[in-house]
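Me: I am in my first year and would like a close look at a single part of this structure, taken slowly. Could you choose one helix, explain how it sits in the chain, and then follow the chain a little way beyond it?

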Amino acid sequence: MHALAVGGTEDHVHTLIQLPAAMSIAKTTQVLKANSSRWMNEGRVRFEWQEGYFACSVSRSQISNVIKYIANQHEHHKRRDFAAEMQSLLKMHGFETQEHVPSLRDSGVH
């Protein structure tokens, strides 16, 4: 896999990753979460990912827009908080409510 962009805020992260054809999104997420948790915890910081994740594909024509979006997370979240952003992403990708992502509702992240 190849990370094209990584960024976020204190309560969430966005990544744009180019995957090899044989690597699933689920496997990619498992590898990223396991290795980043191990790395963070080696530095004497207690770190855990919340359960679950949201992933979607991006058209090649939108890669530069997504890279800019990820780079501007702090500015973006001055206008729209994480919960509103997540609701928008879920709706945009065909999910009607956050019931499809119970960890969002129960995560304590606001």
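Reply: Before turning to the helix, it helps to have one definition in hand: the expected span of a helix is 1.5 Å times one less than its number of residues. The model is a predicted one, and the part chosen here is α1, which covers residues 25-42. This helix has 18 residues, and from its first C-alpha to its last it reaches 26 Å, which is close to the 26 Å expected at 1.5 Å a residue.

To place α1 in its setting, the protein chain has five helices and two strands, and read along the sequence these follow the pattern β-β-α-α-α-α-α. Buried residues, meaning those under 20% relative accessible area, make up 22% of the 110 residues in the chain. Among the contacts in the chain with a separation of 6 or more, 50% are between residues 24 or more positions apart.

Which residues of α1 are buried? They are T28, T29, K33 and S37. Seen down the axis of α1, the buried residues fall within an arc of 145°, and so they line one face of the helix. Part of what covers these buried residues is strand β2, which spans residues 12-18. On the face of α1 turned away from the buried side, you will find the exposed residues W39 and E42.

Strand β2 deserves a moment of its own, and V13 is a residue placed in it. With a relative accessible area of 39%, V13 is partly exposed. If its neighbours within four places in sequence are left aside, V13 is in contact with V6, G7, G8 and W49. V13 and Q73 are 60 residues apart in sequence, and yet their C-alpha atoms are 9.1 Å apart in space.

Following the chain just after α1, you come to R44, where phi takes a positive value of about 65°, and this is a residue other than glycine. R44 is found in the loop between α1 and α2, the latter being residues 63-71. Its relative accessible area is 83%, so R44 counts as exposed.

A search of the whole structure finds one aromatic pair. The pair is formed by F47 and W49, whose arrangement is edge-to-face, with 5.2 Å from centre to centre and 85° between the planes. F47 counts as partly exposed because its relative accessibility is 22%, and W49, with a relative accessible area of 35%, is partly exposed as well. W49 is also one of the residues in contact with V13, which lies in strand β2, and β2 is included in what covers the buried residues of α1.

At the far end of the loop the chain enters α2, and I63 is found in that helix. With a relative accessible area of 25%, I63 is partly exposed. Leaving aside neighbours within four places in sequence, I63 is in contact with L4, L16 and V58. The C-alpha atoms of I63 and A5 are separated by 9.6 Å, although these two residues are 58 residues apart along the chain.

To draw the picture of α1 together, its buried residues line one face, β2 is included in what covers them, and W39 and E42 are exposed on the face turned away.

Terms used. Residues numbered from 1 in each chain as written. Predicted model: local features only at pLDDT ≥ 70, side-chain atom pairs only at ≥ 80, totals over all residues. Heavy atoms only, no water. Helix = DSSP H or I, 4+ residues; strand = E, 2+ residues; numbered from the N terminus. Buried < 20%, exposed > 50% of the residue type's maximum accessible area, 1.4 Å probe, protein only. Arc of directions from axis to C-beta. Contact = heavy atoms within 4.5 Å. Phe/Tyr/Trp six-rings, centres within 6.5 Å; stacked < 30°, edge-to-face > 60°.
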